[in-house]
Amino acid sequence: MRDAARQRAVRKLLSSMVADGKCLLYSGSGSGKGGYGRITIKIKGVPYSFSAHRLAYEHKYGEIPDGHVVRHLCHNPRCVNFECLASGTPAQNSRDMVTSGRSLNQKGEKNHNAKLSDDERANIIRMRDDGSGLRQIALKYNVHVSTISYICRKWAYAQNYTDT
């Protein structure tokens, strides 16, 4: 049954690709964690689910080697272009993520949870140096006092660290 579901999923994949620059994006309705395309096929009421990029890789190159993942060389999780996909180790995949700037360990305004820009942080430090209170600065930037305190403490630590 799984083979029949895989064959139907490949047909669905091949009919659901849209060009976007050098990428071919899976345009089907399914999407998984992280924006990766998912294809679900039901056979006799039993759902079979496939990652679109893994399915594309296997259709073109064959089975994914044990211990390997399918890497997106284009860094677009919905891409299913064979030329943008490569087999690699999880460590290689993690390095790709960090070097392309998609890592969650981003600092400052590059972090997707950032409330303040780098320029705003610099202005906060200037305001504090000029004597403004933490509460006053927090109200101006609509953040918690602890956020302002953290920015100022981190800056002071960096200054002391680089002066020695």
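Hi everyone. Let me start with a definition: when I say helix, I mean a DSSP run of H or I with at least four residues, numbered from the N terminus. With that in hand, Y57 and Y61 both belong to helix α2, which covers residues 52-61, and because they sit four residues apart there, about one helical turn separates them. Please keep in mind that what you see is a predicted model.

Let me step back to the whole chain for a moment. The protein chain has six helices and six strands. Reading from the N terminus, the elements go α-β-β-β-β-α-β-β-α-α-α-α. The chain has 164 residues, of which 30% count as buried. If we take contacts with a separation of 6 or more, 46% of them join residues 24 or more positions apart. As for the surface, about 10800 Å² is exposed, and carbon and sulfur atoms supply 50% of that area.

Now back to α2 and its tyrosines. Ring centres have to lie within 6.5 Å to pair, and by that rule the count is one aromatic pair. The partners are Y57 and Y61, with 4.9 Å from centre to centre and 45° between the planes, a tilted arrangement. Are these two tyrosines buried or exposed? Y57 has 10% relative accessibility, so this residue counts as buried. Y61, on the other hand, has a relative accessible area of 43% and is partly exposed.

Next, a residue I would like you to find on the screen: H72, in strand β5, residues 69-72. H72 is buried, with a relative accessible area of 6%. What does its side chain meet there? A polar atom of the H72 side chain lies 3.1 Å from the backbone oxygen of C79. Leaving aside residues up to four places away in sequence, H72 touches Y36, H53, P77, C79, C84 and L85. So C79 turns up in that list of contacts as well as in the polar pair.

Let's move along to helix α4, residues 118-129. Its 12 residues, at 1.5 Å a residue, should span 16 Å, and the end C-alpha atoms are 17 Å apart, which agrees. Which residues of α4 are buried? They are I124, I125 and M127. Looking down the axis of α4, the buried residues fall within an arc of 160°, so they line one face of the helix. Turn to the face pointing away from that buried side, and you meet the exposed residues D119 and D129. After α4 comes G131, with a positive phi near 105°.

That brings me to backbone angles. Most residues other than glycine have a negative phi. Two residues here are worth a look with that in mind. H75 is a residue other than glycine, and its phi is positive, near 65°. H75 lies in the loop between β5 and β6, the latter being residues 85-88. With a relative accessible area of 29%, H75 is partly exposed. The other is N142, again not a glycine, with a positive phi of about 55°. Where is N142 found? N142 is in the loop between α5 (134-141) and α6 (145-163). N142 is exposed, with a relative accessible area of 70%.

To recap the places to click on: the tilted pair of Y57 and Y61, buried H72, the buried face of α4, and the positive phi values at H75 and N142. Thanks for listening!

Methods. Residues are numbered from 1 along each chain as its sequence is written. This is a predicted model: local features need pLDDT of at least 70, side-chain atom pairs count only at pLDDT 80 or more; totals for chains, interfaces and linings use all residues. Side-chain values use heavy atoms; hydrogens and water are left out. Rings of Phe, Tyr and Trp (its six-membered ring) pair if their centres lie within 6.5 Å; planes under 30 degrees apart count as stacked, over 60 as edge-to-face and the rest as tilted. Helices (H or I, at least four residues) and strands (E, at least two) are DSSP runs, numbered from the N terminus. Buried means under 20% relative accessible area, exposed over 50%, partly exposed in between (1.4 Å probe, protein chains only). A polar contact is a pair of N or O atoms within 3.5 Å; within protein, one must be able to donate a hydrogen and the other to accept it, and residues adjacent in sequence count only if both atoms are side-chain atoms. Contact means heavy atoms within 4.5 Å. Accessible areas come from the Shrake-Rupley method with a 1.4 Å probe; for residues, only the protein chains shown count as cover. The expected span of a helix is 1.5 Å times one less than its number of residues. The arc is that of the directions from the helix axis to the C-beta atoms.
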